[in-house]
Amino acid sequence: MDPTPALPTPSERRDWTDGHVARWQPVLPGLDPVVEGAVTRMKKLSVHLRRVREQSLVDFDLERHEFDTLHKLAGRGGSAAPSELAQDLDLAPASVSGRLDALEKRGFVRRTQSTTDRRRVVVELTASGRETWLGAMDVLGHEEYRLLGVLDPEERALLNDMLRRVMVAAEAGDAPDPRHG
């Protein structure tokens with residue numbers, strides 16, 4: 001006879017949110033524990049991933065605005081006009097110019113004249129800039145895969161589909177209230 005108790009399965013384990021819901025149910029009798037649990041877990045996961053991202057910025061000696069600029073530039077294939085970056089970042093062109101000055105000094109971007117229009121400047125991500133951006137991205141990517149790795153591929157696809165449905169309702173602003181009808 002084995003005196004060691006069986007370990008709970010992952011779905012039987014309790015997390016912080018289970019305690020949160022249990023504390024609030026007596027206070028708010030109409031509280032739906034499934035909705036509260038799902039929303040609270042999404043919030044906590046978002047905070048967790050934000051902390052991981054912020055730590056990756058510290059680890060790669062990047063300010064948030066530097067990462068954002070490198071990210072937008074990488075998203076345009078590593079090359080863009082300053083005006084395009086300003087639009088992507090929702091900033092005034094003068095603000096982007098200051099960012100580019102700092103990133104250029106660090107060797108993360110270079111500005112060159114356009115080969116098709118000498119009046120235009122092209123901003124390019126350097127190898128060092130790409131490496132730094134990818135390094136910071138990889139930290140977060142590894143954590144995302146670690147967390148979602150507890151689900152099998154079909155479960156990940158199902159979760160993705162369900163979250164899409166929730167986001168479509170959020171973006172449309174017309175999600176039905178199941179409590180009223």
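**Sheet, core and salt bridges of the predicted model**

Three strands make up an open, antiparallel sheet whose order is E1-E3-E2. The edges are strand E1 (79-80) and E2, each of which pairs on one side only. The model is a predicted one. Strands E1 and E3 run antiparallel and are joined by two bridges. Alanine 80 has valine 123, in E3, as its bridge partner.

Both residues of that bridge recur in the surroundings of leucine 85. With neighbours within four places in sequence left aside, leucine 85 is in contact with Thr69, Lys72, Leu73, Ala80, Val96, Leu100 and Val123. In the largest nonpolar core, which has 19 residues, Leu85 is among the members that touch the most others, together with Leu62, Leu70, Leu73 and Val109. Two or more residues of this core come from each of H3, helix H4 (82-89), H5, strand E3 (121-125) and helix H6 (127-148). The most, four residues, are given by H3.

Helix H3 also takes part in salt bridges, of which the model has 14 in total. One of them links the side chains of aspartate 68 and arginine 64, with an N to O distance of 3.3 Å. The two residues are both in helix H3 (residues 64-75) and stand four residues apart, about one turn of the helix. Arginine 64 has a relative accessibility of 30% and therefore counts as partly exposed. Aspartate 68, at 25%, is likewise classed as partly exposed, since the buried class is limited to values under 20%.

A second salt bridge that involves H3 joins the side chains of glutamate 66 and arginine 106 at 3.0 Å, N to O. Glutamate 66 belongs to helix H3, whereas arginine 106 sits in the loop between helix H5 (93-105) and strand E2 (109-113); the pair therefore ties together parts that lie 40 residues apart in sequence. The relative accessibility of glutamate 66 is 8%, so this residue counts as buried. Its partner arginine 106, at 32%, counts as partly exposed.

Within helix H7, the side chains of arginine 164 and aspartate 161 form a salt bridge with an N to O distance of 2.8 Å. Arginine 164 and aspartate 161 are separated by about one helical turn, because they are three residues apart in H7. Arginine 164 counts as partly exposed at 45% relative accessibility, and aspartate 161 counts as partly exposed at 39%. Elsewhere, salt bridges with shared partners connect Arg53, Glu54, Arg64 and Asp68 in one network.

The length of H7 was compared with the span expected for a helix. At 1.5 Å a residue, the 20 residues of H7 (residues 153-172) should span 28 Å, and the C-alpha atoms at its ends are 28 Å apart, so the two values agree. The N-terminal end of H7 is capped by aspartate 152, which places a side-chain oxygen 3.0 Å from the backbone nitrogen of glutamate 154. Just after the helix, glycine 173 adopts a positive phi of about 70 degrees.

Notes:
Residues are numbered from 1 along each chain as its sequence is written. This is a predicted model: local features need pLDDT of at least 70, side-chain atom pairs count only at pLDDT 80 or more; totals for chains, interfaces and linings use all residues. Side-chain values use heavy atoms; hydrogens and water are left out. The expected span of a helix is 1.5 Å times one less than its number of residues. A polar contact is a pair of N or O atoms within 3.5 Å; within protein, one must be able to donate a hydrogen and the other to accept it, and residues adjacent in sequence count only if both atoms are side-chain atoms. A salt bridge is a side-chain nitrogen of Lys or Arg within 4 Å of a carboxyl oxygen of Asp or Glu. Buried means under 20% relative accessible area, exposed over 50%, partly exposed in between (1.4 Å probe, protein chains only). A nonpolar core is a set of buried Ala, Val, Leu, Ile, Met, Phe, Trp, Tyr and Cys residues joined through side-chain atoms within 4.5 Å. Contact means heavy atoms within 4.5 Å. Two strands pair if DSSP finds at least two bridges between them.
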